[in-house]
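Please open the model in your viewer and keep the sequence panel beside it, since this tour moves from one selection to the next and says what is to be found at each stop.

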Amino acid sequence: GAMQFIQANAQPEMGGSALVLSFVVIVVGGLGSLRGAVVAAIVVGILENWMIVVNPAFSTAAPFAVMVLILLVKPDGLFGTWGERT
């Protein structure tokens, strides 16, 4: 939101798309995993930009489709762990 403030007037929904994508990155990477967040951010970023070229109508839904597929295969995310580390 603060970065968009330079280009536009302040609005309540500023930065909403970045917030939603950050949620997708955290869930796909695995909660509490910095390595998973980095890998998921790269995957989501490449996928979203690729979908803009292929079919712009699906560019918003593509990260969520990846999130659903990864959570079906591995519910903890890519590098997440279940429970506390001992």
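Which residues does Gly 30 touch, not counting residues up to four places away in sequence? Select Gly 30 in this predicted model, and with that exclusion its contacts are Asp 76, Gly 77, Leu 78 and Gly 80. Gly 30 itself lies in the loop between helix 1 and helix 2, and because its relative accessibility is 4%, under the 20% cut-off, it counts as buried. If you then add Ala 40 to the selection and draw a distance from C-alpha to C-alpha, the two residues are 8.8 Å apart in space, while ten residues separate them in sequence.

**The helices on either side of that loop**

Next, colour helix 1 (16-29) and helix 2 (residues 34-54). The axes of helix 1 and helix 2 are 8 Å apart and pack at an angle of about 125°, which means that helix 1 is oblique to helix 2; the crossing is right-handed. To see where they meet, show the side chains of Leu 21, Val 24, Val 25, Val 28 and Gly 29 in helix 1, and opposite them Gly 36, Ala 37, Ala 40, Ala 41, Val 44 and Glu 48 in helix 2. Sorted by class, the residues of this contact are eight nonpolar, two polar and one charged.

**On to helix 3**

Keep helix 2 in view and add helix 3 (residues 62-73), whose axis comes within 9 Å of that of helix 2 and crosses it at roughly 135°. Helix 2 and helix 3 are therefore oblique to each other, and their crossing is right-handed. Here the residues to select are Val 44, Leu 47 and Met 51 from helix 2, which meet Ala 62, Pro 63 and Val 66 from helix 3. The contact of helix 2 with helix 3 consists of six nonpolar residues, with no polar and no charged ones.

**Val 44 and the core**

Now centre the view on Val 44, which, leaving aside residues up to four places away in sequence, touches Leu 21, Val 24, Val 25 and Pro 63. Val 44 also belongs to the largest nonpolar core, so a useful last selection is that whole set of twelve residues, namely Val 24, Val 25, Val 27, Val 28, Ala 40, Val 44, Leu 47, Met 51, Ala 62, Val 66, Met 67 and Ile 70. Helix 1, helix 2 and helix 3 each supply at least two residues of this core.

Conventions
Residues numbered from 1 in each chain as written. Predicted model: local features only at pLDDT ≥ 70, side-chain atom pairs only at ≥ 80, totals over all residues. Heavy atoms only, no water. Axes fitted to C-alpha atoms, helices over the stretch in contact; angles between N-to-C directions. Parallel < 35°, antiparallel > 145°, perpendicular 65-115°, else oblique. Left-handed = near helix turned anticlockwise from the far one by under 90°. Contact = heavy atoms within 4.5 Å. Nonpolar A, V, L, I, M, F, W, Y, C, P; charged D, E, K, R; others polar. Core = buried A, V, L, I, M, F, W, Y, C linked by side-chain atoms within 4.5 Å. Buried < 20%, exposed > 50% of the residue type's maximum accessible area, 1.4 Å probe, protein only.
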